[in-house]
Each structure stands twice: as C-alpha cells, then as structure tokens.
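Hello,

Please find the structure below. My notes on it follow.

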Amino acid sequence: MVKTQKVYRECSLMCFTETWLNNNISDSIVDIPGFTLIRSDRDAKASGKKKGGGLALFVNQRWCNPAHITVKEKICCPDIELLAVGMRPYYVPREFGHIITILVYIPPKATADVPCEILHEFVARIQTKHPEALIIIS
C-alpha cells in the first residue's frame, strides 16, 4: 500500500499491534522503504504467552531523521505490552520539544484495572520527565 497509495506513503507514523514478530524474523522481512522500524517483540517468558503479540512502529524518514529516534521504554507483562519511542521530527511546533509515541496492546483476557494502572503510572512518569513533549498514545 505504501508503494501505490499516497495516503500511506506520506503518513508520518504507522503503529501496529499483534505483529507476531519474534527474534527469528529479521527486520528486512518487514522493512518498508523510506520508513524506520522500531519493534518490540513479545517476550514469552515475561508475558506468559507463547505466540502472538508484539508492537511495531514505522516512522517516515521524510518526517523524522532515524538518528533522532530513541526507544524510551518497553514493557511486556501478562496484562499489557507497551513501547514508548521519543522522536524529534524535522518540524515540531515550538510549544513542543519533541514527540513521544506510546504504542499499547492489552490482551483480551486482561482485566482492565491492571493495564490501565500501568499505563496511567507510565504516562504520568513520562509527562513529569518530559513536560515539553507531545505525547501520542495508540
């Protein structure tokens, strides 16, 4: 779709959950030309699940230089998978110093209270540490 449809080719970010990627699958297999891939594969031991899961963020290189992308944190447990990525795009409104995108996956069998509490605590910590950042949660 990136090759044939402008709306995908020119998007700044593409966020994916349930990637099912693991350490046996190289980045080159899922690479999209012109995009930087940041992935967080499901940790079977930490999550207690053997298959599925995983998060991936594709950042358009025309929007943000790959050298200005940093992984802030990864969380993987039975109730939530989270990937937080900091970026300094070529253009950011002056109100913001940078952008932090947080990808979240909550498994269907998780109770809502636990992942909501983890997410709330994490976002509060990020906001305190980076008050000038625009925070995007997907």
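**Strand S5 and the cores**

S5 (80–87) is mostly covered, with eight of its eight residues buried (under 20% relative accessible area, against over 50% for exposed and in between for partly exposed; 1.4 Å probe, protein chains only). Strands here are DSSP runs of E of at least two residues, and helices are runs of H or I of at least four, numbered from the N terminus. The model is predicted, so local features need pLDDT of at least 70 and side-chain atom pairs pLDDT 80 or more, while totals for chains, interfaces and linings use all residues. Residues are numbered from 1 along each chain as its sequence is written, and side-chain values use heavy atoms, without hydrogens or water.

Ile80, Leu82, Ala84 and Gly86 lie on one side of S5, and Glu81, Leu83, Val85 and Met87 on the other; all are buried.

S5 pairs (at least two DSSP bridges) with S4 in the antiparallel sense over eight bridges, and a hairpin of two residues joins S4 to S5. Gly86 is the bridge partner of Thr70. S5 also pairs with S6, antiparallel, over seven bridges, where Ala84 is partnered by Ile102.

The largest nonpolar core (buried Ala, Val, Leu, Ile, Met, Phe, Trp, Tyr and Cys joined through side-chain atoms within 4.5 Å) has 13 residues; Ile80, Leu82, Ile102, Val104, Leu119 and Phe122 touch the most other members. S4, S5, S6 and H4 (113–129) each give two or more residues to this core, and H4 gives the most, four. A second, separate core of 12 residues includes Leu55, Cys64, Leu83 and Met87.

Regards
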